[in-house]
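Thanks for coming, everyone. Let's take a quick walk through one structure. Please have a look at it first.

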Amino acid sequence: MQILAGIVLGLVAWFLLRVLLMGVYTVDQNERAVKTRFGRAVRVPGGKTTLDDPVAEMLRPEERDRYTYPQVRVIPPGGPYFKMPWERIYKVSIATMTVNMALDPENPAVNEGGTRLEAVTKDQLNTGLTGQIRYRVSEANLYAFIFGIKRPFVHVVAYFVSVLRQRIASFEAKTVDLAPGVPAAGAQAQAPLAGSEMTGISINDLRKNLRDLNEYMDNECRSAPARYGVILDASLITGIDPPPEVESALAAINTAHNQVSSDISLAQAAADQRVVQSRRAVEIETLKAQAEVEPVKSLAAELGALYRTGPGILAAYLRNVRLALYDKAQQIYMEAGK
């Protein structure tokens with residue numbers, strides 16, 4: 001009996017130790033937790049899914065059925081909390097992390113040790129890309145991060161790299177409209193910039209449009225929280241380097257392009273200056289002609305008014321004008337009658 005009582009007492013002590021001591025847990029400030037009961041995550045009431053949350057707004061219509069996850073109850077920071085032996089707690093850090101975009105989580109040795117990502121441009125040149133990805137776990141879709149995908153960050157990096165390489169391979173520089181605000185209706189509605197022959201070199205296009213490329217990647221990755229439960233806060237591509245054998249040739253082409261662009265700009269400035277000078281000369285000559293015409297118009301108006309006053313007024317006017325001229329003249333030549 002004593003042995004049996006000892007066994008029972010030991011089982012009770014073990015149960016109390018297992019339930020009371022090992023069942024207490026806490027959640028740090030930069031963590032969120034999800035509880036499972038018998039292997040099933042505890043869901044929010046009402047059977048809601050991620051489609052009922054704004055996190056799914058960026059999904060395409062054909063992706064909504066594929067990336068549908070249940071909404072789970074998120075345990076906030078704090079504690080102590082209590083769990084039963086048949087329950088399990090999954091803790092996830094929601095702190096923002098920054099990694100090199102060339103890092104391959106499955107094989108860190110590739111991409112030159114995770115420092116330089118290779119991509120092929122539209123003119124079949126291998127170019128190296130450097131930059132960073134800033135990400136964090138989506139609190140609104142913890143189910144996808146914990147249970148939906150085995151290695152969610154691997155999926156996110158692979159998705160980001162595939163979108164980036166596709167964009168690099170098809171990137172083209174933007175054209176400039178002839179008139180701002182007027183939509184381009186065809187080839188005649190747009191005009192190339194000076195020295196636009198360089199737009200055929202994709203590396204130059206990419207270097208000049210890094211901001212547009214970063215914005216495109218941010219927009220394309222806005223569906224990552226609904227897909228994988230990871231939020232890409234920002235992607236910053238900082239460098240695009242051509243192969244060494246192309247660098248010297250590209251530098252020579254860029255130098256020639258800059259010289260041509262400079263000559264074109266100087267020619268345009270000189271032409272604009274001549275146009276402005278010609279326009280100014282026309283305005284000056286026009287004003288001179290108007291200054292010469294105005295006295296004649298005034299005299300004609302004055303003579304017309306005198307003529308309407310009465311007969312003989314114009315003859316008297318001419319006589320007075322003739323006398324004034326005689327007074328100023330030193331010599332007078334008069335026609336003698338035959």
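Which helix does Tyr-326 lie in? Tyr-326 lies in helix 9, which covers residues 313–328. Before I go on, a word of caution: this is a predicted model.

Let's stay with Tyr-326 for a moment. With a relative accessible area of 38%, Tyr-326 is partly exposed. Tyr-326 is also part of a nonpolar patch on the surface. The other members are Val-321, Leu-323, Leu-325, Ile-332 and Met-334. Together, the six residues named have about 610 Å² of accessible area.

Now from the surface to the inside. The largest nonpolar core has 44 residues. Which of them touch the most other members? They are Leu-129, Phe-160 and Leu-164. Several elements give two or more residues to this core. Among them are strand 8 (117–120), strand 9 (126–137) and strand 12 (230–241). Helices contribute too, including helix 3 (142–148), helix 6 and helix 7. Helix 4 provides the largest share, 9 residues.

Take Leu-129 as an example. Set aside residues up to four places away in sequence. Leu-129 then touches Leu-164 and Ile-168, and also Gly-239 and Ile-240. Its list of contacts also includes Met-101, Thr-115 and Leu-117.

There is another core, apart from the one Leu-129 belongs to. This other core has 5 residues, among them Tyr-25, Val-27, Ala-33 and Ile-89.

Next topic: charges. How many salt bridges does the structure hold? It holds 8. I'll pick out three pairs.

Pair one is Lys-35 with Glu-87, at 3.6 Å from N to O. Lys-35 sits in strand 2 (residues 31–37) and Glu-87 in strand 6 (residues 87–93), so this salt bridge ties together parts that are 52 residues apart in sequence. Are these partners buried or exposed? Lys-35 is buried, at 15% relative accessible area. Glu-87 is buried as well, at 9%.

Pair two is Arg-211 with Glu-215. Their closest N and O atoms are 3.4 Å apart. Both residues lie in helix 6 (residues 210–220), 4 residues apart, which is about one turn of the helix. Arg-211 is exposed, at 67% relative accessibility. Glu-215 is partly exposed, at 39%.

Salt bridges also build a network here: shared partners join Arg-60, Glu-63, Glu-220 and Arg-227. Pair three comes from this network. Arg-60 and Glu-63 meet in a salt bridge, 3.1 Å from N to O. Arg-60 counts as partly exposed, at 39% relative accessibility. Glu-63 counts as buried, at 10%.

Arg-227, from the same network, is found in helix 7 (residues 224–228). Its relative accessibility is 6%, so Arg-227 counts as buried. What is Arg-227 in contact with, leaving aside neighbours within four places in sequence? Its contacts include Arg-60 and Glu-63. They also include Tyr-67, Tyr-69 and Tyr-159. Leu-59, Ala-144 and Ile-149 are on the list too.

One last stop: back to helix 6. Leu-213, Asn-214 and Met-217 are buried there. Why do they count as being on the same side of helix 6? They cover an arc of only 100 degrees around the axis, and that puts them on the same side.

That's the tour. I'm happy to take questions.

Notes:
Residues are numbered from 1 along each chain as its sequence is written. This is a predicted model: local features need pLDDT of at least 70, side-chain atom pairs count only at pLDDT 80 or more; totals for chains, interfaces and linings use all residues. Side-chain values use heavy atoms; hydrogens and water are left out. A salt bridge is a side-chain nitrogen of Lys or Arg within 4 Å of a carboxyl oxygen of Asp or Glu. Buried means under 20% relative accessible area, exposed over 50%, partly exposed in between (1.4 Å probe, protein chains only). The arc is that of the directions from the helix axis to the C-beta atoms. Contact means heavy atoms within 4.5 Å. Patches are made of residues with over 30% relative accessible area and no salt bridge: like charges are joined within 9 Å, nonpolar side chains (Val, Leu, Ile, Met, Phe, Trp, Tyr) within 5 Å. Accessible areas come from the Shrake-Rupley method with a 1.4 Å probe; for residues, only the protein chains shown count as cover. A nonpolar core is a set of buried Ala, Val, Leu, Ile, Met, Phe, Trp, Tyr and Cys residues joined through side-chain atoms within 4.5 Å.
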